[in-house]
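Please open the structure in a viewer and keep the selection tool at hand. The tour below proceeds stop by stop, stating at each one what to select and what is found there.

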Amino acid sequence: MSINRDIKRVTTHVLQAMKTRGEKIAMLTAYDYSMATILDDAGIDVILVGDSASNVMAGHETTLPITLDQMIYHASSVVRAVKRSLVIVDLPFGTYQGNSKLALESATRIMKEAGAHAVKLAGGAEVANSISRILSAGIPVMGHLGLVPQSIYKFGTYAVRAKEEAEAEKLRTDAKLLQELGCFGMVLEKIPATLAKEVTESVQIPTIGIGAGQNCDGQVLVVHDMLGLTKGFTPRFLRRYLNLFEEIENAVHGYIKDVKAKDFPNEQEQY
Ligand code: KIV
């Protein structure tokens, strides 16, 4: 295992230096204090308070319903847990698109009220004004290209993006634009590995892949998926490190059995 313990606090500058020296960046999502404590203690470089909270925490079908107040609640819980990791927070749907003033207000609330270290938002040229305005306030911004779940109703499916040349070309142009605007990095989601490699080599800022192959500068997964807490979600890109759904269910079965059998609590477990 190679956690870089020399890094006392991960910053956007640290991520840039990691890309420069070819050290891969490990990023996972978290939405609450307990999980963030474990991830930070384990040495994860970046914690993303993703709007995937809308799916895995709140049970919505898409990421669209989650609100800015709810993201701030999740993010502040994560920030309280973290000593070393960089905490990036998603700007939720409807809080930055088409209105750069609103975008700056939303990002400012996340930084002030949650104590986040950076924000992430989805899109390229369409959101350039919002990105510039947020950056002008000194707030670090991470971009997100490829499959952007906030646009699911435009795409119609969660299938791999940018397989056709026209979309691949727009993605290449958007990646360069994100760098020119001043983003410190970008997520590349569910695009062909060859395209992700090309983009990663064409920009100086780090790329973090999810379903984008092994040549990105780092990788991100939704923590509930990699721990096997979610059931029935088995995309090709997902590696499950545990099967917690089953393990927790077994533990709960054991507890129910013990309570019903009057075996819990026993004499040592009472006052
Ligand atoms: O919301 C999220 O969890 C994300 C990752 C999948 C990159 O944006």
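Helices, of at least four residues, and strands, of at least two, are DSSP runs numbered from the N terminus. With that numbering, Lys190 can be placed in the loop between strand 6 and helix 9. The model shown is a predicted one.

**The barrel**

Begin with the strands. Eight of them form a closed barrel in the order 1-2-3-4-5-6-7-8, and their pairing is parallel. From one strand to the next, the twist averages 25°. Strands of a sheet pair through backbone hydrogen bonds, either parallel or antiparallel.

Next, select residues 185-189 and 207-210. These are strand 6 and strand 7, which pair in the parallel sense over four bridges. Within this pair, Met186 stands opposite Thr207 of strand 7.

Now add residues 165-181, which make up helix 8. Helix 8 packs on the sheet and touches strand 5 (141-146) as well as strand 6, and its direction makes about 180° with that of strand 5. Then add helix 9, residues 193-202, which also packs on the sheet. Helix 9 touches strand 6 and strand 7, with its direction at about 170° to that of strand 6.

**The loops around strand 6 and helix 8**

Return to Lys190. Its phi is positive, about 50°, although Lys190 is not a glycine. Most residues other than glycine have a negative phi, and most peptide bonds are trans.

Select Ala162 as a second case, in the loop between helix 7 (152-155) and helix 8. The phi of Ala162 is near 60°, again positive in a residue other than glycine. Is Ala162 buried or exposed? Its relative accessibility is 4%, so Ala162 counts as buried.

Move on to Pro206, in the loop between helix 9 and strand 7. Pro206 counts as buried because its relative accessibility is 2%, where the cut-off is under 20%. Leaving aside neighbours within four places in sequence, the contacts of Pro206 include Leu15, Ile25, Phe184, Met186 and Asp217. Measure from Pro206 to Leu188, C-alpha to C-alpha: the two are 18 residues apart in sequence and 10 Å apart in space.

**The ligand**

Select the ligand and the residues that surround it: Thr29, Leu48, Gly50, Asp51, Ser52, Asp90, Lys120, His144, Val187, Ile210, Val220 and Val222. Which side chains place a polar atom by an oxygen atom of the ligand? One of them is Asp51, with a side-chain N or O atom 3.0 Å from a ligand oxygen. A polar side-chain atom of Asp90 lies 3.2 Å from an oxygen atom of the ligand, and for Lys120 the corresponding distance is 2.9 Å.

**Helix 4**

Select residues 68-81. This is helix 4, whose 14 residues reach 20 Å from the first C-alpha to the last, close to the 20 Å expected at 1.5 Å a residue. Helix 4 is mostly covered, with 10 of its 14 residues buried. Among the buried residues are Leu68, Met71, Ile72, Ala75, Val78 and Val79. To see what covers them, display helix 2 (33-42), strand 2 (46-49), helix 3 (53-56), strand 3 (86-90) and helix 5 (100-114), which are included in that cover.

**The last stop**

Finally, select Pro265, in the segment after helix 11 (244-260). The peptide bond leading from Phe264 to Pro265 is cis, with omega near -5°.

Technical notes
Residues numbered from 1 in each chain as written. Predicted model: local features only at pLDDT ≥ 70, side-chain atom pairs only at ≥ 80, totals over all residues. Heavy atoms only, no water. Expected span 1.5 Å × (residues − 1). Buried < 20%, exposed > 50% of the residue type's maximum accessible area, 1.4 Å probe, protein only. Contact = heavy atoms within 4.5 Å. Pairing = 2+ DSSP bridges. Axes fitted to C-alpha atoms, helices over the stretch in contact; angles between N-to-C directions. Near = heavy atom within 4 Å. Polar contact = N/O pair within 3.5 Å; in protein donor to acceptor, adjacent residues only side chain to side chain.
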